Amino acid sequence: MKIASICNTVLDPTLGSGKTRLAWSNGLRALGHSVNVYEPTQFYKSWIHDKGRTLKFRIDALKLYGQLLAGNYDILEFYGAEFGALISRLARIPKQSRPLIVHHTDGLELLWERCQKDFSLYDRTGLLQRIGRSSIRPVIEYFDRLAFSQADAVIYQHATEGDYLIEHEYQRPETCALVEPGVDEIYLSTKIIPNKKPRLVSLGTWTTRKDSKTIVEVASRLLSANPKLEFHILGAHTQRDFIINVFPDFVRNRINVYPRVTVEKISEVLAHSSIFLLPSLFEGFGMATTEAMACGCCVVVTPTGFGTAIKSGTDGFVCNFKDTDAMVSRCQSLLSDSSLCYSIAKAAKDRVSSLSWPCQILKLEKIYQGWVEAKGASTNGEIHTPAA
């Protein structure tokens, strides 16, 4: 197959979005397929320090129209709702006369929009930003919907995304397929350590979306109640002193902050940690959760991203957003019951053990091949998802 992969972010392997896109494209190449990647630097030029990105990016993406049609591709795969206008224009061509258009959710923007409204995240910005957003936002949301409704098929990462797309009639069940991102071998090969020292860990950027305020409250209460407990914060991308200073004085000496960290260090810290805490308000997928599970951590998360696939009480605990009392209670039960902690950690590792990158890439390849074959065999270019 010849594939064009059009991305809305630079492929930085240190970030989840860049890491997954590199893994998919490199993995398909290793299987013998041709994959040409189009990064934003190839078609988008920032304007006034990127302040116009929300709208301008979508307009600039239209520059790719001719290149994509001239490339003789079998599949055009898009990462990001920013390509709604381009996808809509391509979709006007009869299906049999153009490549198959596949959209990877990679964090369904339509759900992120709903999350921002539910938690009033828009209201925390300045007045001019809110005024600008109120006038531009409806246009952006219209094209975001086109990005999914005009694609021939969608690859989604967890059931909530697929359910949303089908329920709102953006796609049909036969044009949707679940393919979860893989887990790196360095995490999958980690052995579960029994009888760990009490250690709480979080992994991810220190942002409002990750609900850092809830992390501080939950961790502070647990550290106060458990004098031997340590708290490790990985990959915060924020200065250590800034984070330490938001915690009460009497617990700061038991907090370790790693603003930027290698995968080797991440796997080491996760393997020696009892509990992984991620009270995020929104996750596209939440690779940190699967990585923690692979390393034998008991995860305490919220119902977003991969958190929606966890069986609470079996392979982790799922708490409602901002429910700090429930999070503290779940963590406390794990800290006080080593047998419960071990059984959940084992179930968590079993749950993600099949999610190796080679396995997931083969799954994606099979789906792609099925769609391309169905499109070629159909008189009108209709497709359906091949059986698992």
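In this predicted model, the second largest pocket encloses about 250 Å³ of space. Its lining is formed by 15 residues, of which Asn-195, Lys-196, Ser-274, Ser-338 and Cys-341 lie closest to the centre of the pocket. Two elements, α13 (324-336) and α14 (338-352), each give two or more residues to this lining. The greatest share comes from α14, with four residues. By residue class, the lining of the second largest pocket comprises nine nonpolar residues, five polar residues and one charged residue.

Enclosed space was examined as well. Three cavities of 30 Å³ or more are present in the structure. The largest cavity has a volume of about 60 Å³. Its lining includes the run Ser-202, Leu-203, Gly-204, Thr-205, Trp-206 and Thr-207, together with Lys-210, Ser-212 and Ile-215; Leu-277 and Leu-278 also line this cavity. In terms of secondary structure, at least two lining residues are supplied by each of the strands β7 (199-203) and β10 (275-278) and by the helix α9 (212-225). The lining of the largest cavity divides into five nonpolar residues, five polar residues and one charged residue. Under the classification applied, Lys counts as charged, so the charged residue of this cavity lining is Lys-210.

Notes
Residues are numbered from 1 along each chain as its sequence is written. This is a predicted model: local features need pLDDT of at least 70, side-chain atom pairs count only at pLDDT 80 or more; totals for chains, interfaces and linings use all residues. Side-chain values use heavy atoms; hydrogens and water are left out. On a 1 Å grid over the protein atoms alone, a cavity is a set of points where a 1.4 Å probe fits but cannot get out, and a pocket is an open set with protein on both sides within 12 Å along at least five of seven lines; lining residues have an atom within 4 Å of a point. Grid points are joined across faces, edges and corners, and a volume is the space filled by probe spheres set on the points.
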